[in-house]
Amino acid sequence: MYNSKITGLGYYVPENVVTNDDLSKMMDTNDEWIQERTGIKERRWIKEGSEDTTAVMGAKASRIAIERAGLTKDDIDFIVFATLSPDYYFPGGGVQLQDMLDMRTVGALDVRNQCSGFIYALSVADQFIKTGMYKNVLVVGAEHHSGGLDKTNRGRSVTVIFGDGAGAAVLSRTEDNTKGILSSHLYSEGKHAKELIVESPSIKHWVPALIAANDENDESYYPYMNGTFVFKHAVVRFSEAIIAGLEKNNLQATDINMLIPHQANLRISQFVQKKFKLTDDQVYNNIMKFGNTTAASVIIALTEAWELGKIKDNDLVVLAAFGSGFTWGSVIMRW
Ligand code: UT7
């Protein structure tokens, strides 16, 4: 068995900053409510007319990650692409990335696990590397939320939370078994699928039926979230996933050097930080600047923390996420 290690990281966010005050001009909301409930001050939304899409942002982040890994596109053996907002209903973003980066005809897998998408994607890549099948896997999380949000009062409890962006990691084979991904832990509980969902279009709500109904009050195109219910589950599941990772590796919370929680809500991150008695230096949050970018959030935060020098050689780094599905999980690694 080989080990797998992140050798390159990159992220990209659109340049268009949307502040809470900007949102208060579109819907009945305000900076105080958004900051108090979520910690978010601003987010990036793709501007109309921009070339950016989910796949384009994924490609921009990937180019940075591949270069930082000291590799070229031809060294990449496989792509895992996580998103809930692909450019097309099908095919998924993985093949677009293969084309945009002008890569060899390597395999491309799409992961549909929403907020925990990057954790799932990284775990899949880890297995391919540990078995010896691939040497370098490109793992991407990218989201274009802004195009699909309800920007009227009706959507305010969801719309103010989400942002656009992408992050990418190159996961590479290493024979040093003291470094890299120690373990990953994945979970789901589908009975709560409807607590955080976009129902249409789908086979149940297929396009001809939607067109025939021509119902402008149809909310099924927009994300629905039972916020309080999701929040309560999130704090429990985040903690469980972290504990599972620590126990598997005979580690304690005091061993954590850096926790990167999915950026769902600053209050969730703070709850988890308090539960594990971590200091501000041991947890990295950037939801204030970027909002919740779902599958991109963990990888954007990890990249930014690394760029700021907050992750050092030999650090124990814990990634954890929870979201729609419900799905949740963690990845424990030695940097
Ligand atoms: O990333 C995937 C996982 N997602 C999560 O983990 C998110 C979990 N949930 C949350 O983060 C929080 O539940 C929210 C931030 C979504 C909402 O915060 P909350 O404290 O649970 O608020 P609430 O939904 O209970 O709403 C409180 C009040 C309501 O008014 P009334 O009924 O008390 O009069 C809402 O109508 O706030 C109102 N409200 C708003 N007011 C101003 C809802 N959205 C807004 C808004 N601006 N944008």
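Buried, for today, means under 20% relative accessible area. Keep that cut-off in mind. One caution before we start: this is a predicted model.

Let's begin with Asp77. Its relative accessibility is 19%, so Asp77 counts as buried. Which residue does Asp77 meet in a salt bridge? The partner is Arg104. Their side chains come together at 3.2 Å, N to O. Now look at where the two sit. Asp77 is in the loop between helix 3 (54–68) and strand 4 (78–82). Arg104 is in the loop between helix 4 (93–100) and strand 5 (107–111). The two are 27 residues apart in sequence, so this pair ties together separate parts of the chain. And Arg104 itself? At 38% relative accessibility, Arg104 counts as partly exposed.

That is one salt bridge. How many does the structure hold? The count is 13. I'll show you two others.

Next up, Arg154 and Asp150. They form a salt bridge, and the closest N and O atoms are 2.8 Å apart. Is Asp150 buried or exposed? Asp150 is buried, at 5% relative accessibility. Arg154 is partly exposed, at 36%.

Then Glu189 and Lys191. Their side chains meet in a salt bridge too, at 3.8 Å, N to O. This pair is part of a network. Salt bridges with shared partners join Glu189, Lys191, Arg237 and Glu240. Lys191 is exposed, with a relative accessible area of 68%.

Now to the helices. Find helix 8, residues 227–248, and helix 9, residues 266–275. Their axes come within 10 Å of each other. At what angle do they cross? Roughly 40°. Angles under 35 degrees would count as roughly parallel, and 65 to 115 as roughly perpendicular. That crossing therefore makes helix 8 oblique to helix 9. The crossing is right-handed.

Which residues make the contact? On helix 8, they are Phe231, Ala234, Val235, Phe238, Ser239, Ile242 and Ile243. On helix 9, they are Arg267, Ile268, Phe271, Val272 and Lys275. Sort them by type and you get 9 nonpolar, 1 polar and 2 charged.

To recap. Asp77 is buried and pairs with Arg104. Asp150 is buried and pairs with Arg154. Glu189 and Lys191 belong to a network with Arg237 and Glu240. Helix 8 and helix 9 cross obliquely, with a right-handed crossing. Thanks, everyone.

Key
Residues are numbered from 1 along each chain as its sequence is written. This is a predicted model: local features need pLDDT of at least 70, side-chain atom pairs count only at pLDDT 80 or more; totals for chains, interfaces and linings use all residues. Side-chain values use heavy atoms; hydrogens and water are left out. Axes are lines fitted to C-alpha atoms, for helices over the stretch in contact, and angles run from 0 to 180 degrees between N-to-C directions. Helices (H or I, at least four residues) and strands (E, at least two) are DSSP runs, numbered from the N terminus. Angles under 35 degrees count as roughly parallel, over 145 as roughly antiparallel, 65 to 115 as roughly perpendicular and the rest as oblique. A crossing is left-handed if the near helix is turned anticlockwise from the far one by less than a right angle, and right-handed if clockwise. Contact means heavy atoms within 4.5 Å. Ala, Val, Leu, Ile, Met, Phe, Trp, Tyr, Cys and Pro count as nonpolar, Asp, Glu, Lys and Arg as charged, and the others, Gly among them, as polar. A salt bridge is a side-chain nitrogen of Lys or Arg within 4 Å of a carboxyl oxygen of Asp or Glu. Buried means under 20% relative accessible area, exposed over 50%, partly exposed in between (1.4 Å probe, protein chains only).
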